[in-house]
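Student: Could you take me through one part of this model up close? I'd like to look at a single spot properly and then see what surrounds it.

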Amino acid sequence: MNRRSFIALLIAGSATRGVARLDAATTKEVEVMAEKFDFTPDTVKAKVGQPLTFVLTSIDRIHGFKMPDFGIRTDIVPGEERRVTIMPTKTGSFAFFCDVFCGDGHEEMGGTLIVEA
Amino acid sequence: MLQADRRDFLKLAGMAGVTFTAGLFPSRHASAQAGGDFHFVQFSDTHWGYKGPANPDAEHTLEKAIATVNALPQQPDFIVFTGDLTHTTEDPKERRARMKHVREIIGGLKVRDIRFMPGEHDAALDKGEAYREFFGDTHYTFDHKGVHFIALDNVSDPGAKLGDEQLAWLAADLKQHKSDDRIVVMTHRPLFDLRPSWDWTTADGAKAIDLLMPYQNVVVFYGHIHQENHHMTGHIAHHAAKSLVFPQATPGPNAPPRRPPPPPYDASQKNLGTRDIEMGKTVTFVELPVAKA
Ligand SMILES: [Cu+2]
């Protein structure tokens, strides 16, 4: 785990009082690829209480990845893999989106995390 | 002309706008240092170059709004454009062509004193390079009849930041002012977290609000969200203006986590317009329609 995802987990986990136990066996990983002006996939599912790591790549230019409900954001730089980990603590639909202006279509560049019980 | 008179006048002229007054300049007493009363007009989010179903009339809407403002019985002292003058394009040549064209159309305003600010559509793809060629600095201050105006740039950084350098510049500027000076901040994006999951924020906007907090008479006018919105952070009022291209979805309590597309085009254009702002002991404003009823 790199330092960035550890910090993201601490932030996301801080509301859950001691749930922030992270080991490779229970963490779900999902690869999400960014390109103008889409994330693939743009719908991601998670379970309450199971940490989720987004493995983020871009194939064209710098994009951003932001999830305000989980207090995380990162740049996604072509040629690099960025990992951010969140701890879902409640069910619902939560937005993720590009927050680095990337052109005509930037405003529609986003997706949804669906957290199930 | 007294405020009430002018509003009646606007009504007579077919400008059936709603007047808004809300806790603005709360500490400004009648005895405070007198500056003459005046008014100015805010245009926002003209998105010149946009083509699409959200506004099939996009090529003419700005011209109509200019004609409406030119017909005001009392011309404003100046006009401000709070960003997204042009719709974004990745072609630097086309970007400049749109800027040139929109500047020509804006030249049709009777009022010659015009202040510009960029939006991310103008400035985020080239960090404001083309914008500066056509419209000058992206952040600056000016004073008018006893009111201090501050234009902030939260768009030419593609991450929607003011940045430490601009924040230091703002802090230094504010230091030269007394805590009861009248201050108007103009910017493109909301400085506060209006709707973070729709990206309706400024990454470091809270730092600017912190710097403004010690000043008692501050009001913020901005654009970006293509609709009226009125919000208080402490004693500081933030007012978003309508657009001149298309409205955006409203961020109500039952709105979805992701921002929906703009609503279908309404040919009455009642969701579009400009804003006439009167600066007196209080700040009042009237939303002006694109075209007279
Ligand atoms: Cu992007």
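Here is a walk through the metal site, followed by a strand residue and the contact between the chains.

Tutor: Sure, and keep in mind that this is a predicted model. Let's start at the copper ion. Its donors are ND1 of A:His63 plus the SG atoms of A:Cys98 and A:Cys102, at 2.1 to 2.3 Å. Written along the sequence, the spacing of those donor residues reads H-x34-C-x3-C. A:His63 sits in strand β5 (residues 63–67) of chain A, while A:Cys102 is in the loop between β8 (92–97) and β9 (110–116), so this pair ties together parts that lie 39 residues apart in sequence. Are these two ligands buried or exposed? The cut-off for buried is under 20% relative accessible area. A:His63 comes out at 0%, so that one is buried. A:Cys102, at 1%, is buried as well.

Now hop over to A:Phe54, which belongs to strand β4 (residues 52–58) of chain A. With a relative accessibility of 0%, A:Phe54 is another buried residue. Leaving out anything up to four places away in sequence, its contacts include A:Val30, A:Val32, A:Val44, A:Ile86 and A:Leu113. Two arginines, A:Arg82 and A:Arg83, are also among the residues that A:Phe54 touches. To relate A:Phe54 to the loop side of chain A, take A:Gly103: the two are 49 residues apart in sequence, and their C-alpha atoms are 24 Å apart in space.

Next, the partner. Chain B has seven helices and twelve strands, and 57% of its 293 residues are buried. Of the chain B contacts with a separation of 6 or more, 74% come from residues 24 or more positions apart.

Finally, where the chains meet: 23 residues of chain A and 16 residues of chain B take part in the contact. Together the two chains bury about 1500 Å², with 53% of that on carbon and sulfur atoms. On the chain B side, B:Glu90, B:Asp199 and B:Arg258 lose the most area to chain A, together 32% of what that side buries. B:Glu90 turns up again in a salt bridge, where its side chain meets that of A:Lys36 at 2.6 Å, N to O. The rule finds one salt bridge across this interface. As for polar contacts, six residue pairs are counted between chain B and chain A, with both residues at pLDDT 80 or more. The chain B side that touches chain A splits into five nonpolar, six polar and five charged residues.

Technical notes. Residues are numbered from 1 along each chain as its sequence is written. Chains are lettered from A and ligands numbered from 1 in the order in which they are written. This is a predicted model: local features need pLDDT of at least 70, side-chain atom pairs count only at pLDDT 80 or more; totals for chains, interfaces and linings use all residues. Side-chain values use heavy atoms; hydrogens and water are left out. Contact means heavy atoms within 4.5 Å. Buried area is the accessible area (1.4 Å probe) that two parts lose on being put together, summed over both. A salt bridge is a side-chain nitrogen of Lys or Arg within 4 Å of a carboxyl oxygen of Asp or Glu. A polar contact is a pair of N or O atoms within 3.5 Å; within protein, one must be able to donate a hydrogen and the other to accept it, and residues adjacent in sequence count only if both atoms are side-chain atoms. Ala, Val, Leu, Ile, Met, Phe, Trp, Tyr, Cys and Pro count as nonpolar, Asp, Glu, Lys and Arg as charged, and the others, Gly among them, as polar. Donors are N, O and S atoms within 2.8 Å of the metal (3.2 Å for Na, K and Ca); water is not among the atoms, so sites may look incomplete. Helices (H or I, at least four residues) and strands (E, at least two) are DSSP runs, numbered from the N terminus. Buried means under 20% relative accessible area, exposed over 50%, partly exposed in between (1.4 Å probe, protein chains only).
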